[in-house]
Amino acid sequence: SRSVNVVGAYHGYFDSDDDVISDINEKNPDVVLVCLGAPRQEKWIYKNRHKINAAICIGAGGTLDVLSGNVRRAPAVVQKMCLEWLYRAVLQPTRFKRLAAIPKFLIKVAAKR
């Protein structure tokens, strides 16, 4: 059986990436969970990945929201239909702007091929 040691946490309201990265590297984690919300967390990881001394960085904001009980998952039938993203968008209309970017992204990916 393996155990997990949480070695630190940092709020998302920081001015300097360097301070956060120094704190992370000082604690020497194997895994860094970045919970800034999409797409901010993914952009932050991409921008700073070469400075962080961890085996892996994961954008996990939505996951921790669910695990902490702050956000409820969609009903099982919606999950089985793979429409949980739509359920969350209906409950949080501010997500529609981000979701609208997905088709643009897919078109760019297809064009690169």
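The following exchange concerns the strands, helices and selected residues of a predicted model.

Colleague: On what basis are the residues numbered, and which atoms do side-chain values use?

Modeller: Residues are numbered from 1 along each chain as its sequence is written, and in this predicted model local features need pLDDT of at least 70, side-chain atom pairs count only at pLDDT 80 or more, and totals for chains, interfaces and linings use all residues. Hydrogens and water are left out, and side-chain values use heavy atoms.

Colleague: Which side chains of strand β1 are buried?

Modeller: Strands (E, at least two residues) and helices (H or I, at least four) are DSSP runs, numbered from the N terminus. Along β1, residues 31–34, the side chains alternate, and Val31 and Leu33 point to one face and are not buried. Buried means under 20% relative accessible area, exposed over 50%, and partly exposed in between, with a 1.4 Å probe and protein chains only. The other face of β1 carries the buried side chains, Val32 and Val34.

Colleague: In what sense do β1 and β2 pair, and which residue of β2 is the bridge partner of Val32?

Modeller: Two strands pair if DSSP finds at least two bridges between them. β1 and β2 (residues 56–59) have four bridges, and the sense is parallel. In β2, the bridge partner of Val32 is Cys57.

Colleague: What is the handedness of the β-α-β unit made by β1, helix α2 and β2?

Modeller: A crossover is right-handed if, with the strands pointing away from the viewer, the path from the first strand over the helix to the second runs clockwise. Helix α2 spans residues 40–48, and the unit that β1, α2 and β2 make is right-handed.

Colleague: Is Val34 buried or exposed, and which residues is Val34 in contact with beyond four places in sequence?

Modeller: Val34 lies in strand β1 and counts as buried because its relative accessibility is 6%. The C-alpha atoms of Val34 and Cys57 are 7.0 Å apart, with their positions 23 residues apart in sequence. Contact means heavy atoms within 4.5 Å. Leaving aside neighbours within four places in sequence, the contacts of Val34 are Gln41, Trp44, Ile45, Ile58, Gly59, Ala60 and Gly61.

Colleague: How are helices α1 and α2 oriented to each other?

Modeller: Axes are lines fitted to C-alpha atoms, for helices over the stretch in contact, and angles run from 0 to 180 degrees between N-to-C directions. Helix α1 (residues 17–27) packs with α2 at about 75 degrees, the axes being 12 Å apart. Angles under 35 degrees count as roughly parallel, over 145 as roughly antiparallel, 65 to 115 as roughly perpendicular and the rest as oblique. The angle therefore makes α1 and α2 roughly perpendicular.

Colleague: Which residues of α2 meet α1?

Modeller: From α1, the residues involved are Asp17, Val20, Ile21 and Ile24, and they meet Trp44, Lys47 and Asn48 in α2.

Colleague: Is Asn48 buried or exposed, and which residues does Asn48 touch beyond four places in sequence?

Modeller: Asn48 belongs to helix α2 and counts as buried because its relative accessibility is 0%. Not counting residues up to four places away in sequence, Asn48 touches Asp17 and Ile21.

Colleague: Is Asp17 buried or exposed?

Modeller: Asp17 is in helix α1, where it touches Trp44, Lys47 and Asn48, residues up to four places away in sequence not being counted. With a relative accessible area of 14%, Asp17 is buried.

Colleague: What is the relative accessible area of Leu91?

Modeller: Leu91 is placed in helix α5, residues 84–91. Leu91 is exposed, its relative accessible area being 56%.
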